[in-house]
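Hi,

Here is the structure I promised to pass on. Have a look at it first, and then read my notes below.

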Amino acid sequence: MPSAALRAFVVEDNPTICENLVGTLEELTCVQVVGTSATEGDTREWLAGQPGAWDLLIVDLFLRQGSGLNLVQQLAP
């Protein structure tokens, strides 16, 4: 993977969609997926422990546990 690749973290609670999205992103774009999560809480924990480790957050807004919208609002300036 070239060093110019965007580092993405994917938040998706459907395992099939997540797997397909990650595969497609890494195969067809300059995106390197650095992690995934299925819940708001796990995502908050990962982001807090990995400052600067990601460039792009791809978020499903409707999660089984928590809300992707809450995550987006938290990260807004």
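Let's start with Asp 55, which has a relative accessibility of 39% and therefore counts as partly exposed. Keep in mind that this is a predicted model. The side chain of Asp 55 meets that of Arg 7 in a salt bridge, at 2.9 Å from N to O. What I like about this pair is how it links distant parts of the chain: Arg 7 sits in strand β1, while Asp 55 is in the loop between α2 (40–49) and β3 (56–59), and 48 residues separate the two. Arg 7 is partly exposed too, because its relative accessibility is 28%. As a general point, side chains of opposite charge can pair when their charged atoms come close.

The count of salt bridges comes to 2, so here is the other one, based on that count. Glu 40 pairs with Arg 44, and their closest N and O atoms are 2.4 Å apart. This time both partners belong to helix α2, and the spacing of 4 residues is about one turn of the helix. Is Glu 40 buried or exposed? At 10% relative accessibility, Glu 40 counts as buried, since the cut-off for that is under 20%. Arg 44, at 32%, counts as partly exposed.

Now for the inside. Which residues make up the largest nonpolar core? There are 7 of them: Ala 8, Val 10, Cys 18, Val 22, Leu 25, Val 31 and Val 33. At least two residues of this core come from each of β1 (6–11), α1 (15–28) and β2 (31–37), and α1 gives the most, with 3. A second core, separate from that one, has 6 residues, including Phe 9, Val 11, Leu 57 and Leu 63. In soluble globular proteins, nonpolar side chains tend to be buried together.

Try clicking on Ala 8 as well. If you ignore its neighbours within four places in sequence, Ala 8 is in contact with Val 31, Gln 32, Val 33, Val 34, Gly 35, Leu 56 and Ile 58.

Last, a word on confidence. The mean pLDDT of the protein chain is 93, and 96% of its residues reach 70 or more. Which elements have the lowest and the highest mean pLDDT? Helix α3 (residues 68–75) has the lowest, at 92, and β1 has the highest, at 98. Where pLDDT is low, the predicted coordinates should not be read in detail.

Cheers

Key. Residues are numbered from 1 along each chain as its sequence is written. This is a predicted model: local features need pLDDT of at least 70, side-chain atom pairs count only at pLDDT 80 or more; totals for chains, interfaces and linings use all residues. Side-chain values use heavy atoms; hydrogens and water are left out. A nonpolar core is a set of buried Ala, Val, Leu, Ile, Met, Phe, Trp, Tyr and Cys residues joined through side-chain atoms within 4.5 Å. Buried means under 20% relative accessible area, exposed over 50%, partly exposed in between (1.4 Å probe, protein chains only). Contact means heavy atoms within 4.5 Å. pLDDT is the predictor's confidence in each residue, from 0 to 100. A salt bridge is a side-chain nitrogen of Lys or Arg within 4 Å of a carboxyl oxygen of Asp or Glu.
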